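Student: Could you walk me through one part of this model in some detail? I'd like to see how a single helix sits among its surroundings, and then follow the trail from there.

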Amino acid sequence: MPKEYKNEYQPLLAKATKDRRRPKLPNKSLLLAVCAAGIGGTFQYGYNISVINAPTAYVQDFINQTWSKRYQTQISDDGLTLLWSTIVSIFTLGGLTGAMIGGTLSVRVGRKGTLLTNNIFAFLAALLMGLSYPTGLFELLIIGRFISGLNAGISICVQPLYLGEIAPTSLRGAMGMGTSIFITGGIFTGQVIGLRELLGKEEYWPILLSTTCIPAFLQLLILPWFPESPRYLLIDKGDEEGCKKALKQLHGIADCDGEREDIEKERNNLSGLQAKKPWELFADRSLRWQVLTIILLNAAQQLNGINAIYFYAGYVFKQSGIPSDKIPYATVGTGACECITALTCGMLIDCLGRKVLIMGGYTLMAICCILFTLTLTFQEASPVVPYLSMVCVFAFILSFGLGPGGVTNILTTELFTQNSRPAAYMLAGSVNWSSFFFIGLVFPFIVLGLKQYCFLVFLVICCLVIIYIFLVVPETKNKTFLEIQNEFQSSKKRQIGCSDGAGTILLSTSI
């Protein structure tokens with residue numbers, strides 16, 4: 001096209017592109033696909049984190065009784081603590097293992113195929129934990145918790161991958177928030193099911209731990225009715241007809257052409273390139289800032305103080321005058337608070353953008369760290385102070401859900417193209433689970449040494465993350481994966497293309 005004609009029609013073409021990317025209401029089929037992926041996916045992660053808290057005393061009694069019958073002696077307090085800690089923490093090791101294999105499975109059997117296969121681990125975990133009491137084998141609890149962690153590790157790696165790839169560009173943020181919404185929904189559901197009025201009684205604890213099979217069963221019923229990721233079908237498998245059908249079902253006939261065009265352009269740019277392994281991400285200099293970004297953000301997601309807030313929540317509620325038997329209901333309130341915030345973030349993310357929300361979330365968390373340190377230090381100064389501490393607990397949880405809790409996973413999807421995205425999720429998941437295990441191991445010693453001043457450590461972490469995001473991370477709202485890639489690779493933000501280190505020119509999909 002001659003230059004003068006190109007310049008003349010450029011505004012019209014730009015407007016067409018802008019209209020195509022303007023947020024619209026999601027297709028009904030797309031919403032149902034998100035729910036189908038989430039109920040047996042990251043819902044399991046949140047559910048298994050919270051559901052173990054309610055039967056703590058009952059499981060410890062079971063271990064004590066089993067030990068006495070088996071060895072005719074009482075187990076020592078240290079031995080009981082070690083076994084209980086193993087039951088709780090082995091979940092993170094299972095999660096780390098799942099994160100390391102989830103990306104590979106998603107390449108070999110597909111995103112949807114991996115989510116469906118992953119339910120085998122949920123059923124096996126439920127069976128083992130349910131049989132622990134009637135068989136008198138507390139070891140089954142340890143194995144079952146490891147396998148449930150394996151299930152959660154795979155789902156938290158593959159579900160965001162699936163949601164990010166089935167969503168249209170204009171709704172990618174909102175659809176990607178499904179990951180966070182189902183995690184918080186799982187936490188809240190586990191807290192509610194664990195109340196004494198439901199399955200929180202002593203005789204019900206084996207059933208309570210076995211309920212992890214219910215979400216898996218629901219996913220097996222619902223998810224097969226929805227298609228595989230269109231990007232996986234076209235770019236990885238070369239299935240043009242399958243991609244076309246998937247896009248029509250997920251986006252509707254009217255809106256599928258534009259998304260297919262974007263996928264086609266990405267496939268052309270990645271032609272001849274194989275899916276990367278996690279260690280190959282470090283060798284590719286064109287991806288160094290993306291890799292550094294997901295490592296820092298996923299580590300910060302666990303090290304920013306959210307675990308400390310939950311640790312102190314019971315103490316704060318007690319100091320505020322809430323009776324001990326009512327504290328579980330206040331804890332349910334924290335779960336509901338986080339769930340509502342995740343939903344709010346889902347509605348705002350495609351309007352405000354990722355960068356605003358995640359920086360805003362960390363900024364509010366930093367402020368809460370300062371206020372919480374002050375209220376804990378002067379807890380006895382006034383009857384009002386414990387209530388201010390309670391406000392800080394909910395404000396911190398709200399801030400976490402508004403930004404870091406939801407946006408981090410979406411950025412992991414958006415900062416990479418198809419051939420490197422599964423490896424990126426394996427790396428991000430490994431960092432996330434390793435940080436989860438690390439904070440669980442080290443946090444008690446931090447509290448013991450610093451007490452309420454431990455929040456000053458988290459304050460420093462939040463501030464450093466804010467600075468890094470401001471300087472390095474671009475806004476990814478309404479941009480295709482190739483455009484985001486070019487943001488990192490180009491010295492000028494509006495440069496259209498550059499080499500990706502493998503000799504391929506990445507062309508922006510903007511016209």
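Tutor: Let's start with helix H11, residues 213-222, where Pro 215, Ala 216 and Gln 219 are buried. Keep in mind that this is a predicted model. Those three residues cover an arc of only 100 degrees around the axis, so they end up on the same side of H11. And what lies over them? The cover on the buried residues of H11 includes helix H2 (28-39), helix H3 (42-50) and helix H6 (111-135).

Take H6 from that list. With 25 residues at 1.5 Å a residue, H6 should span 36 Å, and its end C-alpha atoms are 37 Å apart, which agrees. After H6 comes Gly 136, and its phi is positive, near 70 degrees. Within H6 you'll find Leu 127, a partly exposed residue with a relative accessible area of 49%. The cut-off for exposed is over 50%, so Leu 127 at 49% counts as partly exposed. The C-alpha atom of Leu 127 is separated by 6.6 Å from that of Ser 210, although the two residues are 83 residues apart along the chain.

For a contrast, look at Ser 180 in helix H9, residues 178-193. Its relative accessible area is 6%, and buried means under 20%, so Ser 180 is buried. Leaving aside residues up to four places away in sequence, Ser 180 touches Ala 342, Gly 405 and Gly 406.

Now back to H3 (42-50), one of the helices covering H11, and on to Tyr 45. The largest nonpolar core has 59 residues, and Tyr 45 is among those touching the most other members, along with Tyr 362, Phe 372, Trp 433, Phe 455, Phe 458 and Ile 469. Helix H19 (residues 354-377) gives the most to this core, with 10 residues. The core also draws at least three residues from each of domain 1 (27-272) and domain 2 (280-489). If you zoom in on Tyr 45 and skip residues up to four places away in sequence, it touches Phe 91, Ala 152, Ile 156, Ile 183, Gln 302, Trp 433 and Phe 436. Apart from this core lies another one, of 49 residues, including Val 59, Phe 62, Phe 138 and Leu 250. As background, nonpolar side chains in soluble globular proteins tend to be buried together.

Conventions:
Residues are numbered from 1 along each chain as its sequence is written. This is a predicted model: local features need pLDDT of at least 70, side-chain atom pairs count only at pLDDT 80 or more; totals for chains, interfaces and linings use all residues. Side-chain values use heavy atoms; hydrogens and water are left out. Buried means under 20% relative accessible area, exposed over 50%, partly exposed in between (1.4 Å probe, protein chains only). Helices (H or I, at least four residues) and strands (E, at least two) are DSSP runs, numbered from the N terminus. The arc is that of the directions from the helix axis to the C-beta atoms. Contact means heavy atoms within 4.5 Å. The expected span of a helix is 1.5 Å times one less than its number of residues. A nonpolar core is a set of buried Ala, Val, Leu, Ile, Met, Phe, Trp, Tyr and Cys residues joined through side-chain atoms within 4.5 Å. Domain bounds come from an automatic or database domain assignment.
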